[in-house]
Amino acid sequence: MIGLAIDSVLALGIVWMALQTVRSDSLFQAMLMFIVFGLLMSLAWARLHAPDLALAEAAIGAGITGALLLVTWRRLQVHGPDDSNGPRLMTRWLALPIACASALLVIIIGWTALQLPAVPGTAGELTLQRLEDIGVSNPVTGVLLGFRAYDTLMEMAVLLAAWLGARAVATEFRPGVLPGPAHAEVPLVGALLSLVVPISILVAVYLLQAGGSAPGGAFQGGAVLAAGGVLLCLTGRLEAAAQASALERVGVILGLAVFSLTGLIVMATGGPMLALPGVWAIYLVETALLLSIALTLVLLFAAAPGLRRAP
Amino acid sequence: MILTEVMASLLLISGCFFYIAGTVGLLRFPDVFSRLHALTKADNLGLFLICTGLAVNSGSPRITGLLLVVWILGLLAATVSCHLIARRAIRSGQAEPPVAEPRAADPTP
């Protein structure tokens, strides 16, 4: 009974936040609504007993995306056009028809999915039967590595493409350098950083390690590590460099390279491509993915080809 | 068993009360400083009560330790961000709260 009440409030809140995101007058308000929308989505995933998705949504959907949106807002204010309230959102009247069409689409897809006969031997069932062979005890990680390896590889390619796209655009419309943070020298900030940044590293490594047996994995860990990097950028400890160092260039492609190479080596030795030959390979690939994800996200946040220690 | 459940419920409910009080303060108080005061004070105590309630409910030392870490991290983040927001408000000249004149945007007198 109380569960139903919570779910109803959550569902109404999600729809309301989505509507407010597309309906609000100011860009800033729309961004905040979108961040709250992400938080509510992560609560909804938790209520649906999908902690993996809840973690990913909170870390990436609300956390990192929120930070990217807010830093974009700041750049628009400092360097953007004169109407610094952001571009007027003129398409508000479109919100209702688009929302109705989307709702109709969701209903049609949901109805169709409910009509489909249950298929025996889905990826989840097969994974649950053969968890020992895969070498991890978390079925979500098992499905991702056993059946969705191409998806994970392509997600890394998409992330790399996003970063390359941002680089290409940045050379055309050079994003101006933001004025240095006024609070860089506040003693409290240094104390907080010296505690929170090591904790972000610890939690990232824990999430990576836990991914084998519990909710977690490279994307969630990468987002948490990136949050530590974003904090260092925000407080002026890291600043944009004009050129990427060799280490950063390697770091950005590390995940894609290690994953593809492992897959190709497996194929050369007679196995199917991307079939990971054991637990060590899983952790090798996941570690490379985590480093690449974190570095790419921080570089996207800084809108810079590289980073360097602030003097 | 019943006793711990009653205790946990009381702690959770009083935690929620402090969160609601802090949110009302954020919405109703007139200037940055009193809003910050309401928000951080009430939320820190609310988070403490909710963490304690959950710890009593779980009855596990491991979860109690983790909840303690959650509370301390919440305290640290709230303290530093409150300090930074207040500092920025003073620097940008909002130091005098508008006590003398009621704001035009405020519907209630």
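1. A:Leu264 is partly exposed in this predicted model. Its relative accessible area is 40%, a value that falls between the 20% under which a residue counts as buried and the 50% over which it counts as exposed. The residue sits in helix α11 of chain A, which covers residues 246-268.

2. A:Leu264 also belongs to a nonpolar surface patch. The other members are A:Leu261, A:Ile265 and A:Met267, and the patch comes to about 380 Å². Patch membership requires over 30% relative accessible area, so the 40% of A:Leu264 meets that condition. On the spacing of such residues, a general point applies: an α-helix has 3.6 residues a turn, so residues three or four places apart point the same way.

3. Chain A as a whole has 12 helices and 2 strands. Along the sequence the order is α-α-α-α-α-α-α-α-α-α-β-α-α-β. Among contacts in chain A with a separation of 6 or more, 75% are made by residues 24 or more positions apart.

4. How much of chain A is buried? Of its 311 residues, 33% count as buried. The chain exposes about 17,900 Å², and 73% of that area is supplied by carbon and sulfur atoms.

5. In chain B, helix α2 runs over residues 32-58 and has 27 residues. From its first C-alpha to its last it reaches 38 Å, close to the 39 Å expected at 1.5 Å a residue. Just after this helix, B:Gly59 takes a positive phi of about 65 degrees.

6. Which residues of α2(B) are buried? They are B:Leu36, B:Ala38, B:Thr40, B:Ala42, B:Asn44, B:Gly46, B:Leu47, B:Leu49, B:Cys51, B:Gly53 and B:Ala55. The cover over these residues includes two helices of chain B, α1 (2-28) and α3 (61-91).

7. Between the chains, 9 residues of chain A are in contact with 7 residues of chain B. The two chains bury about 730 Å² between them, with 82% of it on carbon and sulfur atoms. Which three residues of chain A supply more of its buried area against chain B than any other three? They are A:Val186, A:Leu188 and A:Leu192, with 52% of the area that chain A buries there.

8. How many salt bridges are there between chain A and chain B? The count is 0. That count rests on a cut-off of 4 Å between a side-chain nitrogen of Lys or Arg and a carboxyl oxygen of Asp or Glu.

How values were computed: Residues are numbered from 1 along each chain as its sequence is written. Chains are lettered from A and ligands numbered from 1 in the order in which they are written. This is a predicted model: local features need pLDDT of at least 70, side-chain atom pairs count only at pLDDT 80 or more; totals for chains, interfaces and linings use all residues. Side-chain values use heavy atoms; hydrogens and water are left out. Patches are made of residues with over 30% relative accessible area and no salt bridge: like charges are joined within 9 Å, nonpolar side chains (Val, Leu, Ile, Met, Phe, Trp, Tyr) within 5 Å. Accessible areas come from the Shrake-Rupley method with a 1.4 Å probe; for residues, only the protein chains shown count as cover. Helices (H or I, at least four residues) and strands (E, at least two) are DSSP runs, numbered from the N terminus. Buried means under 20% relative accessible area, exposed over 50%, partly exposed in between (1.4 Å probe, protein chains only). Contact means heavy atoms within 4.5 Å. The expected span of a helix is 1.5 Å times one less than its number of residues. Buried area is the accessible area (1.4 Å probe) that two parts lose on being put together, summed over both.
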